[in-house]
Amino acid sequence: MAGAYVLFLSALEAITLKQDYLGAEHLLVGITRFPGGLRRRLSEVGLDRSNLHDRLLRDIGQRPTRTLMLKVSPSFRESLRLARGACTRNFRSKLGPIDLLSGVLEFDQGWTARVIEPLTPDIVRRAADGKG
C-alpha cells in the first residue's frame, strides 16, 4: 500500500510540474512526499520535496501538455525493476518506499544521479537507520 501511494505521489508531482512523463526524478520526489521516518531522514541530508521540486523545475522545466496520460520513461521502469529486486532481496512481500529509494539509488543515471550522487553515502546510512 505504501509503495502504491509513493507511485501516486510521483505521478502527482509530474502533473504538478506540467510534465508529460513519469521518470525516476518524479519517483525520487514522490518518496520525499511520503509521510514517515524515511522522509525525515532524507530531509536531514537535503533531499526534501520543496528543494527537489524547485530543482526539477529549474533543470527540466515545464512542458505544455494537454493530457493527463503520463508516459512512463525508461528511467522509471528501470528504477521500479530495481526496487522490486530490493524488495525480494530483503524478503518483503510488498514494495515500500525504502525499496523504491533503493531502486532510484541503484539506477544511478540522469538527473537523479546528479542530484543524489554527492549525498549517496549519507542517504544510505540514514535510510538504513530505519525501515522507511
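This is a guided tour of a predicted model, taken one selection at a time.

**The whole chain**

Begin with the chain in cartoon view, where eight helices and two strands can be picked out, and where following the sequence from its start gives the order α-β-α-α-α-β-α-α-α-α. If you colour the 132 residues by burial, 44% of them fall in the buried class. The accessible surface comes to about 7100 Å², and carbon and sulfur atoms account for 55% of that area. Among contacts between residues at least 6 apart in sequence, 69% join residues that are at least 24 apart.

**Helix α1**

Select residues 2-16 next, which form helix α1; its 15 residues should span 21 Å at 1.5 Å a residue, and the C-alpha atoms at its ends are indeed 21 Å apart, so the expected and computed spans agree. The buried residues of this helix are G3, V6, L9, S10, A11, E13 and A14, and the elements covering them include β1 (21-22), α2 (24-33), α4 (49-59) and α6 (97-107). Just beyond the end of α1, stop at K18, whose phi is positive, at about 60 degrees.

Now show the side chains of Y5, F8 and L12, which together make a nonpolar surface patch of about 270 Å². Y5 belongs to helix α1, and it counts as partly exposed because its relative accessibility is 38%, which lies between the limits of 20% and 50%.

**The nonpolar core**

Which residues have the most contacts inside the largest nonpolar core? Select L27, I31, L52 and L100, which hold that place in a core of 27 residues. Two or more residues of this core come from each of α1, α2, α3 (37-44), α4, α5 (74-89), α6 and α7 (110-116). In soluble globular proteins, nonpolar side chains tend to be buried together.

Centre the view on I31 and, leaving aside residues up to four places away in sequence, look for what it touches: V6, L38, L42, P97, L100, L101 and V104.

**Helix α6**

Move to α6, where eight of the eleven residues are buried, so that this helix is largely enclosed by the rest of the structure. The buried residues to highlight are P97, I98, D99, L100, L101, G103, V104 and F107. Just after the helix, D108 has a positive phi of about 50 degrees.

**Charged pairs**

Finally, display the side chains of the charged residues, among which eight salt bridges are counted. Side chains of opposite charge can pair when their charged atoms come close.

Start with E13 and R33, whose side chains meet in a salt bridge with an N to O distance of 2.9 Å. This pair links distant parts of the chain, with E13 in helix α1 and R33 in helix α2, 20 residues apart. E13 is buried, at a relative accessible area of 0%, whereas R33 is partly exposed at 21%.

Then select R92 and D99, whose closest N and O atoms are 2.5 Å apart in a salt bridge. Here D99 is buried, with a relative accessible area of 0%, while R92 counts as partly exposed at 32% relative accessibility. Returning to E13 and R33, add R49 to the selection, since salt bridges with shared partners join E13, R33 and R49 into one network.

End at R55 and D59, a salt bridge whose closest N and O atoms are 3.4 Å apart. Both residues lie in helix α4, four residues apart, about one turn of the helix. R55 is partly exposed at 26% relative accessibility, and D59 is partly exposed too, with a relative accessible area of 37%.

Definitions and conventions: Residues are numbered from 1 along each chain as its sequence is written. This is a predicted model: local features need pLDDT of at least 70, side-chain atom pairs count only at pLDDT 80 or more; totals for chains, interfaces and linings use all residues. Side-chain values use heavy atoms; hydrogens and water are left out. The expected span of a helix is 1.5 Å times one less than its number of residues. Buried means under 20% relative accessible area, exposed over 50%, partly exposed in between (1.4 Å probe, protein chains only). Contact means heavy atoms within 4.5 Å. A nonpolar core is a set of buried Ala, Val, Leu, Ile, Met, Phe, Trp, Tyr and Cys residues joined through side-chain atoms within 4.5 Å. Accessible areas come from the Shrake-Rupley method with a 1.4 Å probe; for residues, only the protein chains shown count as cover. Patches are made of residues with over 30% relative accessible area and no salt bridge: like charges are joined within 9 Å, nonpolar side chains (Val, Leu, Ile, Met, Phe, Trp, Tyr) within 5 Å. A salt bridge is a side-chain nitrogen of Lys or Arg within 4 Å of a carboxyl oxygen of Asp or Glu.
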